[in-house]
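Biologist: Could you take me through this model step by step? I would like to ask about one region at a time.

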Amino acid sequence: MKSYQGVLMKNLSREIIKRIENISRPVKIMHVCGSHEHTIMQHGIRSLLPKEVEIVAGPGCPVCCVPAREVDECLYLARQGVTIATFGDMLRVPGATGSLMDAKADGADVRIVYGVNNAVEIAEKIDNEVVFMAAGFETTAPTTASEIVSGPPENLSFLSCHRMIPPALKFLIESGEVNLNALIEPGHVATIIGTEPYNIFSEKYNIPQVVAGFNPLDVLMSVYMILKQFKDGKAEVQNEYKRAVRDEGNVRAQELLEEVFYITSREWRGFPTIPDSVYEIRDEFSQFNTREKFDIEVEETQDVVTGCICGPILRGIARPEECKLFKKECNPMNPVGACMVSKEGTCNIAYRYGSL
């Protein structure tokens with residue numbers, strides 16, 4: 001059975017690549033998803049495409065996008081004796097005054113969790129104040145919202161680091177820095193927000209877009225669909241990932257987000273302040289908002305690490321191979337910049353699959 005499926009996949013891939021070659025044209029396509037970059041690099045998809053078809057990676061790693069200031073907020077609390085619960089990838093993301101791994105090594109109570117429910121379990125078992133560092137895009141923000149409306153333990157609060165993809169895309173398009181022509185949109189984000197929030201980029205900026213799944217055929221098909229739009233003189237949002245994404249998205253999840261969060265402007269790592277791009281907890285739930293619950297003293301910081309080009313990589317204007325630190329001082333065992341920390345980070349993926 002597996003052998004048959006493998007042959008079928010190869011034949012389908014060859015057919016899609018052939019169709020891509022028949023309508024190929026110079027185009028720069030940006031994706032904003034660590035899973036897409038993983039698929040592209042692991043399967044050597046860039047090498048299969050005509051050279052004039054360029055795929056660049058944007059800010060698709062939620063851990064990488066958390067700026068130093070927000071890491072420093074958690075560091076401040078950890079050093080004050082607060083228990084910090086966070087995803088494993090966040091431990092080594094650099095702040096201006098170190099990382100959570102450094103704080104843990106110095107004796108702070110920093111715990112790895114696999115979801116917000118684990119943070120709730122920790123808070124139920126200990127008397128100490130617990131802060132969950134809630135990172136992620138629209139995909140994971142509803143899980144944070146769900147726990148907040150459920151009435152978590154009084155000693156648990158949430159530091160919202162949740163960010164929104166469409167405002168970041170708007171910023172990148174209007175900056176002109178990337179000079180992108182088309183977009184592959186992240187399927188998991190679209191399962192929550194649907195396809196409608198992306199329409200403005202096609203209508204206003206004439207950019208073809210495809211919401212794509214995560215296997216190699218999904219990515220290849222999305223490239224073909226984009227090129228077909230160019231050939232037909234169209235610019236619209238197409239849904240390649242119909243097996244999971246509805247145009248309206250997950251309405252209940254959207255209602256939860258609206259109930260718990262308001263949208264505000266804040267910086268991203270490698271970016272200045274992006275307008276209306278971050279979820280913050282509403283006043284009605286201020287008792288669970290870490291920033292309201294604690295008097296956090298953090299100085300304004302820069303996300304620049306000497307020699308690291310994580311910022312340009314997140315903005316899609318540089319590749320890891322262009323960084324002088326890549327595979328030398330900076331590697332998964334010793335990440336200098338945030339893009340090397342997470343398995344969804346562009347540098348980490350390039351390190352693991354660059355030879356392919």
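Modeller: Let us start just after helix H8, where Gly176 takes a positive phi of about 70 degrees. Please keep in mind that this is a predicted model.

Biologist: Which residues of helix H8 are buried?

Modeller: H8 covers residues 165-175, and its buried residues are Ile165, Pro166, Pro167, Ala168, Leu169, Leu172 and Ile173.

Biologist: And what do those buried residues pack against?

Modeller: The buried residues of H8 pack against two strands named S1 and S7, against helix H9 (187-193) and helix H10 (199-205), and against strand S11 (273-281).

Biologist: Let us take S1 from that list. Is S1 largely enclosed or open?

Modeller: Strand S1 spans residues 27-31, and 4 of its 5 residues are buried, so the rest of the structure largely encloses it.

Biologist: Which strands does S1 pair with?

Modeller: S1 pairs with strand S2 (residues 53-57) in the parallel sense, over 5 bridges. S1 also pairs in the parallel sense with strand S7 (residues 182-186), over 3 bridges.

Biologist: Which residue in S2 stands opposite Lys28?

Modeller: That residue is Glu54. For the pairing with S7, Met30 has Leu183 as its bridge partner.

Biologist: What does Arg315 contact, apart from its neighbours within four places in sequence?

Modeller: Its contacts are Met30, Leu172, Glu177, Val178, Gly270 and Phe271. Met30 is the residue whose bridge partner is Leu183, and Leu172 is one of the buried residues of H8.

Biologist: Where is Arg315 found, and is it buried or exposed?

Modeller: Arg315 is found in the loop between helix H14 (310-314) and helix H15 (346-353). Its relative accessibility is 15%, so Arg315 counts as buried, the cut-off being under 20%.

Biologist: What lies 2.6 Å from a polar atom of the Arg315 side chain?

Modeller: The backbone oxygen of Gly270 lies at that distance from the Arg315 side chain. Gly270 sits in the turn of a hairpin formed by S10 and S11, and has a positive phi of about 85 degrees.

Biologist: How many residues lie between the two strands of that hairpin, and how many bridges join them?

Modeller: There are 5 residues between S10 and S11. Strand S10 (residues 261-267) is joined to S11 by 6 bridges, and the two run antiparallel. Within this pairing, Thr264 stands opposite Val278 in S11.

Biologist: Let us change topic. How many residues are in the largest nonpolar core?

Modeller: The largest nonpolar core has 97 residues, and those with the most contacts inside it are Ile84, Phe132, Met133 and Tyr198. Strand S5 (residues 130-136) supplies the largest share of this core, 6 residues. Apart from it lies another core, of 24 residues, including Ile17, Val27, Ile29 and Leu220.

Biologist: What is Ile84 in contact with, leaving aside neighbours within four places in sequence?

Modeller: Ile84 is in contact with Cys74, Leu77, Ala78, Leu100, Asp109, Val110, Arg111 and Val131.

Biologist: Which residues does Thr290 contact, again leaving aside neighbours within four places in sequence?

Modeller: Thr290 is in contact with Leu77, Val131, Ser157, Phe158, Leu159 and Ile296. Leu77 and Val131 are also among the contacts of Ile84. Thr290 is found in helix H13 (residues 290-293), and is buried, with a relative accessible area of 0%. Its side chain reaches the backbone nitrogen of Leu159 at 3.3 Å.

Biologist: How many cavities of 30 Å³ or more are there?

Modeller: A search of the whole structure finds 3 of them. The largest cavity holds about 70 Å³ of space. Among the residues that line the largest cavity are Cys308, Cys310, Cys323, Cys330, Cys339 and Cys347.

Biologist: One last topic: which residues other than glycine have a positive phi?

Modeller: One of them is Asn206, with a positive phi of about 60 degrees. Asn206 is found in the loop between H10 and strand S8 (209-212), and counts as exposed at 56% relative accessibility. Lys327 also has a positive phi, near 70 degrees. Lys327 lies in the loop between H14 and H15, and is partly exposed, with a relative accessible area of 44%.

Methods. Residues numbered from 1 in each chain as written. Predicted model: local features only at pLDDT ≥ 70, side-chain atom pairs only at ≥ 80, totals over all residues. Heavy atoms only, no water. Buried < 20%, exposed > 50% of the residue type's maximum accessible area, 1.4 Å probe, protein only. Helix = DSSP H or I, 4+ residues; strand = E, 2+ residues; numbered from the N terminus. Pairing = 2+ DSSP bridges. Polar contact = N/O pair within 3.5 Å; in protein donor to acceptor, adjacent residues only side chain to side chain. Contact = heavy atoms within 4.5 Å. Core = buried A, V, L, I, M, F, W, Y, C linked by side-chain atoms within 4.5 Å. 1 Å grid on protein atoms, 1.4 Å probe; cavity = no way out; pocket = protein on both sides within 12 Å on 5 of 7 lines; lining within 4 Å. Points joined across faces, edges and corners; volume = space filled by probe spheres on them.
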